[in-house]
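Work through the exercises below with the sequence and model open. Try each task before reading its solution.

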Amino acid sequence: LLNAMTDRALRKYVFATPYVEASDWRETLRNHARSMRKTFMGNPILCDLILIRSALSPRAARLGVQEIEKAIAGLVEAGLSPEEAFDTYSAVSVHVRGSVVLHRLQEKNQATENGARTIEGAMVIDPEIAPLLAQMTAKGHHIGAPDDNNFDYGLDCILDHATQLIEKRSKSSGRQNKSTSPRPRKSAKSR
C-alpha cells in the first residue's frame, strides 16, 4: 500500500519538477531545487514516504534514476565533467532533502505535548558573550534552521562552486585549443 501511495504521489511530483537545462543550468537547477523543496514541504505525507521511509517501488526508483540522469546530463552539457555534475546534483539533492527533513522533524516535534524547541530556541544568546550572534539573530537570521534564507544561502554556495568549476574548465580548454591549433601560415607576400 505504501509503495502504491508513493508511486501515485511521485507521478504527480515528477511532472511538477522542472528539468535542468544546459543553456541556463544555474537558474534551472535553482528552480529544480526550490520546486523539489516546495513540493516536499507542502506534502508531509510525500516527505514521510520518500525522504524518511524511502518507500519506493522498483518502478518509482527507476523513474527517479531516469530523472537524475537527465539532470546530470544537462550539467555535463553545461560544462561540468561527469564527476563534477554528479557531485553537484548530489549536493543539491542532499541540501534539499536535509532541509525538508529537518523542517518536517521540527513540525513533528512542535506537535508533541511538550512542543520541543529548535536548537536556536534552546540557546540563550547574551550580547555580552556573543555579540555577533545577538546582532544577526536580532536581524532575523537563524542558526541551523531549515528556513528559506539558510536554504538559499546553501544553494547559492553549491551553485557558485559549480560556476567556478565550469569557468575553470572553460579557461583550461581554451588554453588547450590555443596550444594545439595550427599556427597561421605566413603568406608569400609577408616572407
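**Exercise 1. State how much surface the chain exposes, and what share carbon and sulfur atoms supply.**

Solution. This is a predicted model, so every value here is computed from predicted coordinates. Step one: take the total. The chain exposes about 13,000 Å². Step two: take the share. Carbon and sulfur atoms supply 56% of that area. Step three: turn to burial. Of the 191 residues of the chain, 31% count as buried.

**Exercise 2. Describe the secondary structure and the sequence range of the contacts.**

Solution. Count the elements. There are eight helices and zero strands. Read along the sequence, the pattern is α-α-α-α-α-α-α-α. Now look at contacts between residues at least 6 apart in sequence. Of these, 69% join residues at least 24 apart.

**Exercise 3. Helices H2 and H3: at what angle do their axes cross, and which residues meet?**

Solution. Start with the axes. Helix H2 covers residues 25-42 and helix H3 covers residues 44-52. Their axes come within 5 Å and cross at roughly 105 degrees. Next, classify the angle. The range 65 to 115 degrees counts as roughly perpendicular. H2 and H3 are therefore roughly perpendicular to each other. Then list the contact. From H2 come Thr39, Phe40, Met41 and Gly42; from H3 come Pro44, Leu46, Cys47, Ile50 and Leu51. Finally, sort these residues by type. Seven are nonpolar, two are polar and none is charged.

**Exercise 4. Find the salt bridge between Glu27 and Arg30 and describe its setting.**

Solution. First, the principle. Side chains of opposite charge can pair when their charged atoms come close. Now apply the cut-off. A salt bridge needs a Lys or Arg side-chain nitrogen within 4 Å of a carboxyl oxygen of Asp or Glu. The side chains of Glu27 and Arg30 meet at 3.7 Å, N to O. Next, the spacing. The two residues are three apart in helix H2, so about one helical turn separates them. Last, exposure. Glu27 has 34% relative accessibility and counts as partly exposed. Arg30 has 10% and counts as buried.

**Exercise 5. Trace the salt bridges that link parts of the chain distant in sequence, including those of Arg104 and Glu84.**

Solution. Begin with the total: a search of the whole structure finds ten salt bridges. Take Arg104. Its salt bridge is with Asp48, and the closest N and O atoms are 2.9 Å apart. Arg104 lies in helix H5 and Asp48 in helix H3, so the pair ties together parts 56 residues apart in sequence. Both Arg104 and Asp48 are buried. Follow the links further. Asp48, Arg104, Glu107 and Lys108 are linked in a network of salt bridges.

Now take Glu84. It forms a salt bridge with Arg169, with the closest N and O atoms 3.4 Å apart. Glu84 is in helix H5 and Arg169 is in helix H8 (residues 148-180), 85 residues apart. Arg169 is partly exposed, at 34% relative accessible area.

**Exercise 6. Ser81: buried or exposed, and what does it touch?**

Solution. Locate the residue. Ser81 is in the loop between helix H4 (58-78) and helix H5 (82-110). Check its accessibility. The value is 14%, so Ser81 counts as buried. List its contacts. Leaving out residues up to four places away in sequence, Ser81 touches Val76 and Arg169.

**Exercise 7. Examine three residue pairs by their separation in sequence and in space.**

Solution. Pair one: Arg34 and Phe151. They are 117 residues apart in sequence and 9.0 Å apart in space, C-alpha to C-alpha. Arg34 lies in helix H2 and is partly exposed, at 35% relative accessible area. Arg34 touches Phe151 and Asp152, not counting residues up to four places away in sequence.

Pair two: Gln164 and Leu80. The sequence separation is 84 residues, and the C-alpha distance is 9.9 Å. Gln164 is in helix H8 and counts as exposed, at 52% relative accessibility.

Pair three: Ala73 and Glu21. Here 52 residues separate the two in sequence, and 9.1 Å separates their C-alpha atoms. Ala73 is in helix H4. Its relative accessible area is 39%, so Ala73 is partly exposed.

Conventions
Residues numbered from 1 in each chain as written. Predicted model: local features only at pLDDT ≥ 70, side-chain atom pairs only at ≥ 80, totals over all residues. Heavy atoms only, no water. Axes fitted to C-alpha atoms, helices over the stretch in contact; angles between N-to-C directions. Helix = DSSP H or I, 4+ residues; strand = E, 2+ residues; numbered from the N terminus. Parallel < 35°, antiparallel > 145°, perpendicular 65-115°, else oblique. Contact = heavy atoms within 4.5 Å. Nonpolar A, V, L, I, M, F, W, Y, C, P; charged D, E, K, R; others polar. Buried < 20%, exposed > 50% of the residue type's maximum accessible area, 1.4 Å probe, protein only. Areas by Shrake-Rupley, 256 points an atom, 1.4 Å probe, with all protein chains shown as cover.
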